[in-house]
Amino acid sequence: MAAPLLEISDLSVTLEDRAGGAPRRLLDGVDLSVGPGESVGLVGSSGCGKSMTALAAIGLLPPGARATGSIRFAGEQLLGAPERRLCQLRGRGIAMVFQEPMTALNPIQPIGRQVAEGLRRHFGLGRAAAAARAEAVLARVGLPAVEVSPKRYPHQLSGGQRQRVGLAIALAARPALLIADEPTTALDVTIQAQMLDLIADISADDGMALVLISHDLRVVAESCDRIAVMYAGVVVEQGPAAAVVGAPGHPYTRALFGARLASAPEARGAGCPFAPRCPEVMARCWTAGLPWGVVADGREIRCHQKNGDRPRFSSGKTWSVAVFPVPVFLGGQRPLTSRGETLLAVDSLTRVYRPPHAAVDTVSFTLSRGETLAIVGESGSGKSTLARMIVALDRPTSGRVRLLGRDPYHDRRLRRHVQMVFQDPYGSLDPRWRVGRIVGEPLDLPKAERAARVAAALAEVGLPADAADRYPHAFSGGQRQRIAIARALITRPDLIVADEPVSALDLTVQAQVLALLSALRATAGRSFLVISHDLAVVAQIADTVAVMVHGRIVEYGPAQAVLAAPLHPYSRALAAAVPRLDPGARRCGRRVTATPRSADRTASDAAGCRYAGRCPDAVARCRFEPPARRPVGDGREVACHLVDAPVPGGSPGGSPGGSL
Amino acid sequence: MSGVVRRALRSPAILIGGTLAGATLVATLVSLVWTPWPATAIDIAAKLQGPSAAHLLGTDPFGRDVLSMLMVGARTSVVVALVAVALGAGVGVPLGLAAAAIGGLIDDLISRLADFVFAFPVLLSAVMVTAVLGPGAVNAIIAIGLFNIPVFARVARAGALAIRQRDFIAAARLAGKGEAAIAYQHILPNIAALLVVQVTIQFALAILAEASLSYLGLGVQPPAPSWGKMLNDAQTYMFLQPWLAVFPGLAIALTVLGINLLGDGLSDLLDPQLRRAV
């Protein structure tokens, strides 16, 4: 193996506690090396130190942080290097792409100038020369000047385009190493896929080394040569992607795959950081240090069990490996033959904010008692607006919502029959209220009775009874979402609307909250309407799926059918964009075309199909005639001119790939 | 909560500001039961003295004890400022919350009215109001309080609009709560820190405004002492007895400085608190 480009060894970082307590240890002896041109994925749940490792590597640790150990870049020691030298290296040697494309860009400078800034600094280029180079770099990341002028400002771009600008800034000085910190987390799934492809392609073309940081193992598995798994400031396993994914060795890695864990991480003692949550914990895990063990397939694992010999798997009883390929989730499906009475009927519902654009456009569906309907779509597709109208937080422009045959907007008594779980568990709980008061808010009962109901609801979502006396800030994201679910359950509503209930949570916590929601469906007569952009989430809990594009439902039917063999071109694009735990998959599968979403706009102004601008299969008819939703057999309805004949369980003619 | 107290004790702004403002408050309270001399007792024989053991801060042209007058004058300042700010907050905050909650025409009406009042320079307008209503402590309170209303209305409205975006407001609505209950139970506690800081700022301004009005003879009327009036009286004797101007001037400056420091410290203290809660 060639000399590593970036070699981090025994890196520890401590952060002073501002309140005067003991310094917190963020990184604890991290070892990581990246060879020239190699792509390394750094995975772990939030707070495990992934970003801190990256910031340490480019010398951007927060104030109050102290680093010890060694960080060598091309043989040069960076730790303790003068700031002036680091400035030279940043951008040219090591560049970084950040998670939030909006906050990483300067809102009052045109994008071309932001890209040119680094060029002028590093290469001393003149204004015009730098502008020309910036234009070329922007074109390279898919923003050619003819389509997206370099004179535009960040707010005039979509989220995906902004992230491309961030990438262009990072790439401008042709760095030897690119660090991408959750570059796709803030983006829609279809855009995520394009972005990952772009980063991987460019790094391959330029022979640039890549460190891809993500909480999502699937993302990393697809685009990286090697994977390093971090937990609580320690790299617990690293090795070739195929080996780590194919046979995860460390119990935490397997937990990431199975995505189910006992509880939140606790304060760390001397031994293995994962010991408190590890199902295979042994006595010495609590006390002894963590030596690296080398496994035959070129992997290194920090686990006493695996030390020195091949990983022993605990017979697969505790862990279900590789849960994420979507079809594996489909165990949650229930037959829809026993349709109950209609609970919710939505008829030609339309909401217009800025004419002539309808956020929700003549949407109709019904939801039976006990059914779980998932509405899937990218951000801006109108799914949240739809949810807000159903719970009567927003007034329809036209059309009707009927809950139990009545209009919830005008009938306030109906409100107890429908409750909502919001996306952001940090915004949906009043920080000044105690949990007991939050959960009991919808109840209008005497104090003692209310306390009893609150205790019951907290127990139902798996929280301790003493949670009621604490404030929300004492809880983690997952626990907060449980509190929000408890509040939704407390009126014993007929319908619970959950708007992206897990998308703000870590992957392992997601699985727990999903399992909870899944279990709650069992209660007789309780219906769920789940809004999500994530097919893996939908596959786990939905009976029925409705796919939305630009305010319209384009495909509707049993989850099994829609997810296993999506028919509408957009559903197929969505399904193809789901990252899979399959190293190298990126290079073969067909992905969504790189047509930007803005192409949809013109299509929606005209009479045709909303998706025509982006659809790889669009024909002339799609641009003029809006497709109506028609049944296609197997209980499904699709709004697409290209899907007209009933297709029993197969892919329609002439449209290859893309199915799950 | 103990963490907040501990951090407050480590903040120099809060410590110094609290000491200065606290001294004025103590002087006010003590003046209710005791002053070194009766504040209005005239002793022409002892007029225009400098600081001495008998009169710590000297005497004025009528031989009155300056320290005693300052203590009673502090009472006037504090009471006028306190009631004026309470008036401003008491009317302004509900107006701001209502504007945010109802929106539309009511919001426009309240906001434009606030803009309108804002457009007048505060002190000049207060002078105008007391000129119309006649001089006196009550009218000074009305004049100063009136111009505090739009300040609090604006702060409350802006804070409420930000809080109302949050999902827990939507959740409260789904729980069947009306706008008034949401404003009182959810929004008010969440903008309390904002309002506390604003109260300290307005309090300092109100003390300054009261001093200015009495300097112009539009505040409390003689023989009741007040800081502004003492300054005015001192002007005539500037060259005979400079101390006369120094002490009331210092009292005003240090009190206002103290309250401003306290406000700064509180906003530093409560801001991250608020941010962490968010």
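# Strands, helices and a chain contact

User: How many C-beta neighbours inside 10 Å does Thr362(A) have?
Analyst: A residue is buried if 20 or more other C-beta atoms lie within 10 Å of its own, exposed if 12 or fewer, and partly exposed in between, with C-beta atoms placed from the backbone. Thr362(A) counts as partly exposed, because its number of C-beta neighbours inside 10 Å is 16.

User: What kind of model is this?
Analyst: Residues are numbered from 1 along each chain as its sequence is written, while chains are lettered from A and ligands numbered from 1 in the order in which they are written. Local features need pLDDT of at least 70, side-chain atom pairs count only at pLDDT 80 or more, and totals for chains, interfaces and linings use all residues, since this is a predicted model.

User: In which strand does Thr362(A) lie?
Analyst: Helices (H or I, at least four residues) and strands (E, at least two) are DSSP runs, numbered from the N terminus. Thr362(A) is a residue other than glycine with a positive phi, near 40°. The strand of chain A that holds Thr362(A) is β14.

User: Which strands are at the edges of the three-stranded sheet β14-β13-β16 of chain A?
Analyst: Two strands pair if DSSP finds at least two bridges between them. This sheet is open, and its pairing is antiparallel. An edge strand here pairs on one side only, and the two in chain A are β14 (357–368) and β16 (398–403).

User: By what angle are neighbouring strands of this sheet turned against each other on average?
Analyst: Axes are lines fitted to C-alpha atoms, for helices over the stretch in contact, and angles run from 0 to 180 degrees between N-to-C directions. With direction ignored, the average turn between neighbouring strands of this sheet is 15°.

User: Which residue in β14(A) stands opposite Leu344(A)?
Analyst: Strand β13 (residues 342–354) of chain A is joined to β14(A) by eight bridges, and the two run antiparallel. A hairpin of two residues links β13(A) to β14(A). Thr342(A) has Ser368(A) of β14(A) opposite. Opposite Leu344(A) stands Leu367(A).

User: Where does helix α11 (residues 383–390) of chain A lie?
Analyst: Two residues are in contact if their C-beta atoms, placed from the backbone, lie within 7 Å. Helix α11(A) runs at about 120° to β13(A). In chain A, this helix lies across β13, β14 and β16.

User: How many of the eight residues of α11(A) are buried?
Analyst: Among the buried residues of α11(A) are Lys383(A), Leu386(A), Met389(A) and Ile390(A). After α11(A) comes Ala392(A), with a positive phi near 65°. The helix α11(A) is mostly covered, and of its eight residues the number buried is seven.

User: Where does Leu404(A) lie?
Analyst: Leu404(A) has a positive phi of about 50° although it is not a glycine. Leu404(A) counts as partly exposed, with 17 C-beta neighbours inside 10 Å. In chain A, Leu404(A) is in the loop between β16 and β17 (418–421).

User: Which strands of chain A stand at the edges of the sheet β2-β1-β4-β5?
Analyst: This open sheet of four strands has antiparallel pairing. Each edge strand has a single partner, so one side of it is left without a neighbour in the sheet. In chain A these edge strands are β2 (24–34) and β5 (76–77).

User: What is the bridge partner of Val13(A) in β4(A)?
Analyst: Strand β1 (residues 6–15) of chain A and strand β4 (residues 65–73) of chain A run antiparallel and are joined by eight bridges. In β4(A), Val13(A) is partnered by Ala67(A).

User: Which strands of chain A does helix α1 (residues 50–57) touch?
Analyst: Helix α1(A) packs on the sheet, and its direction makes about 110° with that of β1(A). The strands of chain A touched by α1(A) are β1, β2 and β4.

User: Which helix gives the largest share of the side of chain B that touches chain A?
Analyst: In this interface 16 residues of chain B are in contact with 20 residues of chain A. On chain B, α7 (167–174), α8 (179–215) and α10 (243–277) each supply at least two residues. The largest share, seven residues, comes from α7(B).

User: How far apart are the axes of α4 (residues 104–118) and α6 (residues 137–164) of chain B?
Analyst: Ile110(B), Ala114(B), Val117(B) and Phe118(B) of α4(B) meet Phe147(B), Pro150(B), Ala153(B) and Arg154(B) of α6(B). The two helices pack at an angle of about 135°, and the distance between their axes is 9 Å.

User: What percentage of the 660 residues of chain A count as buried?
Analyst: Chain A has 20 helices and 23 strands. Among contacts in chain A with a separation of 6 or more, 66% are between residues 24 or more positions apart. Of the 660 residues of chain A, the buried share is 51%.
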